[in-house]
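User: I would like to go through a structure with you, mainly its charged pairs and its chain contacts. May I show it to you first?

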There are 2 protein chains.
Amino acid sequence: MVPVPAPDLETHLDPAIAARLKRNADGLVAAIVREHGTGDVLMMAWMDDEALHRTLTTGRATYWSRSRGEYWVKGATSGHHQYVRGVALDCDGDALLVTVEQVGPACHTGTHSCFTDELPVGGVAR
Amino acid sequence: MVPVPAPDLETHLDPAIAARLKRNADGLVAAIVREHGTGDVLMMAWMDDEALHRTLTTGRATYWSRSRGEYWVKGATSGHHQYVRGVALDCDGDALLVTVEQVGPACHTGTHSCFTDELPVGGVAR
């Protein structure tokens, strides 16, 4: 996959919020998605200013698809909607924690969470 | 902050795991850090192959610091150690979910989690 940079379009994101974002070279911040209620971490996706604006104002999780080069309202094609219950920015402004009510599986593979590939951890116990 | 790409050093990461990673242009994957027990999302950091290898084999969360351009064993200077209880890779190989026992606050600002800046969410309720 060759990432497509987010478009340099005019956004309606509140300038006070925009000023707190630290975007990567493609103009994006990471969005970590957590399930309301269970607290399960479901997936990670990416937002530019406009995707964040749409997420905050519509209450529907909206990402920037780096592979397709377009905005992506989660569930628009799959029906696996994400209704946003909260969004928090981290201390250095490059990651968002998005709390959602998830309809159906969050992962395009059909699993509840995208994080299903457990790696072996060794080393010293505490 | 100008990100420093991870070094192109020889790593001892298991080739079967390395083959599943989809690194960004700087050779990094995102590491989402979750607290064992509470499930709280604490922070996001970055790992290259060698940081992941060290994390998996030592059981101590180890990241690549993009600002300092060096490996960073969480807690080495602050005492706020992270003892790794699990690591899972996501479906497209560009994000890790690291479950840790966190000693003290995870955030360098002194808060439990880095995600403390709540943004206003409006829009239609479900």
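User: How many salt bridges does a search of the whole structure find over all chains?

Analyst: The model is a predicted one. Over all chains, the search of the whole structure gives 12 salt bridges.

User: Which residue forms a salt bridge with A:Arg23?

Analyst: The partner is A:Asp49, and the closest N and O atoms of the pair are 2.6 Å apart. This salt bridge links distant parts of the chain, 26 residues apart: A:Arg23 lies in the loop between helix H1 (15-18) and S1 of chain A, whereas A:Asp49 belongs to helix H2 of chain A.

User: Is A:Asp49 buried or exposed?

Analyst: A:Asp49 has a relative accessibility of 12%, so it counts as buried. A:Arg23 is partly exposed, with a relative accessible area of 37%.

User: Staying with that helix, what does A:Glu50 pair with?

Analyst: The side chain of A:Glu50 meets that of A:Arg54 in a salt bridge, at 2.9 Å from N to O. The two residues are separated by about one helical turn because they are 4 residues apart in helix H2 of chain A. A:Glu50 counts as buried at 7% relative accessibility, while A:Arg54 is partly exposed at 31%.

User: And in chain B, what does B:Arg54 meet?

Analyst: B:Arg54 meets B:Glu50 in a salt bridge between their side chains, with an N to O distance of 2.9 Å. B:Glu50 is buried, with a relative accessible area of 7%, and B:Arg54 is partly exposed, with 31%.

User: How many residues of H2(A) are buried?

Analyst: The number is 7 of the 10 residues, so H2(A) is largely enclosed by the rest of the structure. Among the buried residues are A:Ala51, A:Leu52, A:His53 and A:Leu56. After H2(A) comes A:Gly59, with a positive phi near 75°.

User: Let us change topic. How much area do chain A and chain B bury between them?

Analyst: They bury about 3800 Å², and 63% of this is on carbon and sulfur atoms. In terms of residues, 46 of chain A are in contact with 45 of chain B.

User: How many salt bridges are found across that interface?

Analyst: The rule finds 4 salt bridges between chain A and chain B. In one of these contacts between chains, the side chain of A:Asp117 meets that of B:Arg20 at 2.9 Å, N to O.

User: Which element gives the largest share of the side of chain A that touches chain B?

Analyst: That is S5(A), which contributes 7 residues. By residue type, the side of chain A that touches chain B divides into 25 nonpolar, 11 polar and 10 charged residues.

User: Which strand of chain B is joined to S7(A)?

Analyst: S7(A) is joined by 3 bridges to strand S5 (residues 82-89) of chain B, and the two run antiparallel. Here A:Glu118 stands opposite B:Ala88.

User: Within chain A, how does S5(A) pair with S6(A), parallel or antiparallel?

Analyst: Strand S5 (residues 82-89) of chain A pairs with S6(A) in the antiparallel sense, over 7 bridges. The two strands form a hairpin with 5 residues between them, and A:Gly93 in the turn has a positive phi of about 75°. S6(A) also runs parallel to strand S1 (residues 29-35) of chain A, to which 6 bridges join it. S6(A) is mostly covered, with 7 of its 8 residues buried.

User: Finally, what does the side chain of B:Glu35 make a polar contact with?

Analyst: The contact is with the side chain of B:His112, at 3.2 Å. B:Glu35 is found in strand S1 (residues 29-35) of chain B and counts as buried at 11% relative accessibility.

Notes: Residues are numbered from 1 along each chain as its sequence is written. Chains are lettered from A and ligands numbered from 1 in the order in which they are written. This is a predicted model: local features need pLDDT of at least 70, side-chain atom pairs count only at pLDDT 80 or more; totals for chains, interfaces and linings use all residues. Side-chain values use heavy atoms; hydrogens and water are left out. Buried means under 20% relative accessible area, exposed over 50%, partly exposed in between (1.4 Å probe, protein chains only). Two strands pair if DSSP finds at least two bridges between them. Contact means heavy atoms within 4.5 Å. Buried area is the accessible area (1.4 Å probe) that two parts lose on being put together, summed over both. Ala, Val, Leu, Ile, Met, Phe, Trp, Tyr, Cys and Pro count as nonpolar, Asp, Glu, Lys and Arg as charged, and the others, Gly among them, as polar. A polar contact is a pair of N or O atoms within 3.5 Å; within protein, one must be able to donate a hydrogen and the other to accept it, and residues adjacent in sequence count only if both atoms are side-chain atoms.
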